Amino acid sequence: MKLKHLSTAMILATLPATGVFAAALDRSGQSMSAFLQPGNYFEAGISVLDPTVEGKEAGSSATRRDIGDMANDYYFPNAALKLQLNDKFSFGLLYDQPFGANAEYSGQNVFVSDPSNTILAPAALDSIRTNTINTAFNNLTANQRVGAALQAQGVNLSTPAGQAQFAATLNAYNNDPTTKAVIDAGVKQGVAAQVDAGLKQVNGLLGTGATKVKVDTQNLSFVFGFQPTQNWNIYAGGVYQTIKGNVSLRGQAYSIYNGYDADIKETGGAGWLAGVAYQIPEIALKASVTYRSEIDHDVNIREKIPTLPALSLLGQDAAAAAIANSSADTKITTPQSVNFDFQTGIMANTVAFANVRWVNWKDFAIQPYKFGQLSQVVGPLVGRPNGFNLVEYADDQWTVNAGVGRKLNEKWAGNVSVGWDSGAGNPVTTLGPTEGYWNVGLGVQYSPTPQTFIAGGVKYFWLGDAKAQTGAQAGTDQYVAEFSDNNAIAYGLKLGYKF
């Protein structure tokens, strides 16, 4: 069996876009395969994703309009350098972009602003309007109601004639039920007009445009390996990670957050990784398990909330001022993960391979500082007295990819694979409304020389149906839209050099 040389060749033939579309924000899959190649090795690759994610308003949405494709195409590169310093020690430098998002809504739906949007959900706003009118009217004395009625008729109450008319009308108001009813109706109508004018002004604070999100991360891993024997490789190292992004919330789905913007300036954080690998080159067997730690980022997110004056509707003028003048760092913690990789020869020129990945999305959440402060004020309206997060996930992610690779001749090799991803819970955030996937992939590798290769491939994804919910709805069964029958195509290209 010609398996010894396949231990390198066949695993490289796998599609570079292995983790290109996964649960939550997971993107690259954080593979360690490059570091586990024998000798000195360099690779560079790029992955491209073309998703289609469409849906329909549902659940608590008052309308049932279609939602067009909200998932943007994106690409991300990766590179790795591995040096075998001597028989016992190796060093690796790995670059990838592990987490990210790129989406924007369009058309006419609850995620795009339009003139009909209201600062709060229509039912809540109607209740506030009615209570405000009744409270304002009931607080008026008989004198004030009569005075307001006469002023509405153009009577000048500062003149003797006006004062005489006021006295006569007040007497009628106090003694004639018909007169009282007519005056009360007119005054209440005037109060309602003032309240409606105020609501119109408040609704004018809402944002314009569409909901969109873009998040980019970069990882640079410094890995040191120790090989006590030719079969074992124990490795660990530090990881430097940067994150940046921006989020804009628009449309009726977000009520008082319609107009909210968050700009996450690029910031860095440090973490670590550790793992162990075992191999038997003669039968092309290789197994490895790698743990990556959480990485904390403390960032002063630049937030804009133009709707803060609307808190006056809730009697929270002081809270609005306090939020507007406050500032504090927000902690963003990217999740810990574990990767298990395995391959083995199964017949001459043929290997089977598998990858299992776990990501701890269940403990991940983002709550920008001012967003959180506002959520504590409006949270009681939606049954969330302690506030809520901008983004959170209900479950951890599990991803499995498996396949078979075969060396066709000295220059060509190929593989087929299937994959499954659990998703990170359903309902899920409106900023990424899919729940896992199934996929199939084809990969091919061409080696013009024994030291060089070029590998490429394509994968087709059947994306899982999901219900989309806002941050205020997270943790409940409520949702504002449904997304179904969606798909994605991923392409990958990789160049490698052994030296």
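**Close-up 1. The second largest cavity of this predicted model.**
In this predicted model, the second largest cavity takes up about 500 Å³ of space. Its lining runs to 48 residues, and those closest to the centre are A24, L25, G100, A101 and L431. Plenty of strands chip in here: strand 1 (41-52), strand 6 (100-104), strand 7 (212-226), strand 8, strand 9, strand 13 (330-334) and strand 20 each supply at least two lining residues. Sorted by class, the lining comes out at 34 nonpolar, 11 polar and 3 charged residues. The structure holds 3 cavities of 30 Å³ or more.

**Close-up 2. The largest pocket and what lines it.**
Here we look into the largest pocket, with about 990 Å³ of space. There are 47 residues in its lining, and A253, S255, T470, Q473 and V480 are the closest to the pocket's centre. The elements giving two or more residues to this lining are helix 2 (122-138), helix 7 (369-378), strand 17 (391-392) and strand 20 (428-429). The class tally for the pocket lining is 27 nonpolar, 17 polar and 3 charged residues.

**Close-up 3. S255, a pocket residue with a positive phi.**
Zoom in on S255, one of the residues closest to the centre of the largest pocket. Its backbone is worth a look: phi is near 40°, a positive value in a residue other than glycine. S255 sits in the loop between strand 8 (232-248) and strand 9 (261-280).

**Close-up 4. The largest nonpolar core, with L249 among its best-connected residues.**
This core is made of 85 residues, and the ones with the most contacts inside it are F111, L249, I256, Y257, L311, L374 and F483. Helix 5 (residues 177-203) is the top contributor, giving 7 residues. Domain 1 (31-118 + 204-496) and domain 2 (126-196) both give residues to the core, so it lies between them. As for L249, once neighbours within four places in sequence are set aside, its contacts are T211, Y254, Y257, N258, G259, Y260, F371, L390 and L431. Another core lies apart from the 85-residue one and has 15 residues, among them M32, Y235, L273 and F453.

**Close-up 5. The two domains.**
Pulling back a little, the protein chain is divided into domain 1 (31-118 + 204-496) and domain 2 (126-196). Their C-alpha centres are 61 Å apart.

**Close-up 6. G269, tucked into strand 9.**
G269 belongs to strand 9 and counts as buried, with a relative accessibility of 7%. Its C-alpha atom is 6.4 Å from that of T242, although 27 residues separate the two along the chain. Leaving out neighbours within four places in sequence, G269 is in contact with V239, Y240 and Q241, and also with I295, D296 and H297.

**Close-up 7. Backbone oddities in two loops.**
The first stop is the peptide bond between N426 and P427, which is cis, with omega at about 5°. P427 is found in the loop between strand 19 (412-421) and strand 20. The other stop is N349, which is not a glycine but has a positive phi of about 65°. N349 lies in the loop that links strand 14 (337-347) and strand 15 (350-359).

Terms used. Residues numbered from 1 in each chain as written. Predicted model: local features only at pLDDT ≥ 70, side-chain atom pairs only at ≥ 80, totals over all residues. Heavy atoms only, no water. Domains from an automatic or database assignment. 1 Å grid on protein atoms, 1.4 Å probe; cavity = no way out; pocket = protein on both sides within 12 Å on 5 of 7 lines; lining within 4 Å. Points joined across faces, edges and corners; volume = space filled by probe spheres on them. Helix = DSSP H or I, 4+ residues; strand = E, 2+ residues; numbered from the N terminus. Nonpolar A, V, L, I, M, F, W, Y, C, P; charged D, E, K, R; others polar. Core = buried A, V, L, I, M, F, W, Y, C linked by side-chain atoms within 4.5 Å. Buried < 20%, exposed > 50% of the residue type's maximum accessible area, 1.4 Å probe, protein only. Contact = heavy atoms within 4.5 Å.
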